[in-house]
Amino acid sequence: MTQTTPMTIDGPRVAPASGAAPTSMVILLHGYGSNGEDLIGLVPYWRDALPGTVFLSPNAPEVCPGAFGGYQWWAISNLDRSARAAGAARAAPVLDAFIDAQLARYGLSEDRLALVGFSQGTMMALQVGPRRRRALAGIVGYSGMLADEAGLAEAGLTKPPILLVHGDADPMIPIAAFHQAKAALAGHGFAVESHVSRGLGHSIDAAGLQLGERFLARVLG
């Protein structure tokens with residue numbers, strides 16, 4: 001049987017503030033129609049608290065139609081559960097291959113890696129993170145949802161700590177998706193921290209940034 005090699009992805013990266021070799025890694029996963037340059041903009045808010053961390057923000061594997069300079073992890077025509085699960089499963093090998101390559105490049109292991117996602121990037125983080133053979137240090141999900149809730153019942157999932165942050169005025173991914181993800185993850189034994197930002201739409205606010213910083217500083221220690 002012929003084995004296909006997942007396509008490679010890449011994007012902007014920021015070296016550790018310490019100037020030394022990295023002791024930890026944060027991979028930032030952007031949302032639908034965006035690109036790696038978007039989430040790499042979070043780094044200045046967190047870099048001082050994570051001086052030994054290298055930050056990577058790859059572009060998703062597919063060009064997003066109608067979004068100039070934008071990419072998608074998979075095409076989204078609606079948020080139907082089966083379409084989400086199939087799309088995330090199809091994109092997962094690409095992200096897994098990127099994670100493998102970057103851990104090898106910097107000589108790090110999964111317990112020194114955190115995934116941070118926004119929107120569709122959160123779906124990817126929650127899809128791929130728990131399915132790694134070794135547990136990640138943690139996952140932060142902003143304004144997202146679970147791509148495959150039923151998949152949480154799979155045998156052998158690892159259970160890294162998770163922080164979920166969402167705005168209660170999000171018009172793109174409603175706050176109900178946040179509550180569903182939180183309940184499903186907790187119900188399957190994940191340690192989940194969460195925060196709802198009042199009046200916030202599909203975005204990240206100062207409170208979310210501060211919570212993300214504290215969470216990452218703790219789990220990457």
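In what order do the seven strands of the open sheet run? In this predicted model, the order is β1-β3-β2-β6-β7-β8-β9, and the pairing is mixed. At the edges of the sheet lie β1, residues 13-14, and β9, residues 192-197, each of which pairs on one side only. A closer look at the β1 edge shows how it joins its neighbour: β1 pairs with strand β3, residues 53-56, in the antiparallel sense, over two bridges. Within this pairing, arginine 13 has leucine 56 of β3 as its bridge partner.

Stepping back from the sheet, the protein as a whole contains six helices and nine strands. Its overall dimensions can be described in two ways. Along the principal axes, the C-alpha atoms fill a box of roughly 50 × 45 × 40 Å. The radius of gyration is 16 Å, which agrees with a compact globule, because a globule of 221 residues would have a value near 17 Å.

The interior and the contacts add to this picture. Of the 221 residues, 50% count as buried. Among the contacts with a separation of 6 or more, 73% are accounted for by residues 24 or more positions apart in the protein.

Turning to the outside, the accessible surface of the protein comes to about 9,700 Å², and carbon and sulfur atoms make up 54% of that area. As for charge, the protein carries 16 positive and 18 negative charges, and the mean positions of these two groups are 5 Å apart.

Notes. Residues numbered from 1 in each chain as written. Predicted model: local features only at pLDDT ≥ 70, side-chain atom pairs only at ≥ 80, totals over all residues. Heavy atoms only, no water. Helix = DSSP H or I, 4+ residues; strand = E, 2+ residues; numbered from the N terminus. Rg over C-alpha atoms; globule rule 2.2 N^0.38 Å. Buried < 20%, exposed > 50% of the residue type's maximum accessible area, 1.4 Å probe, protein only. Contact = heavy atoms within 4.5 Å. Areas by Shrake-Rupley, 256 points an atom, 1.4 Å probe, with all protein chains shown as cover. Lys, Arg positive; Asp, Glu negative; His and termini not counted. Charge placed at Lys NZ, Arg CZ, Asp CG, Glu CD. Pairing = 2+ DSSP bridges.
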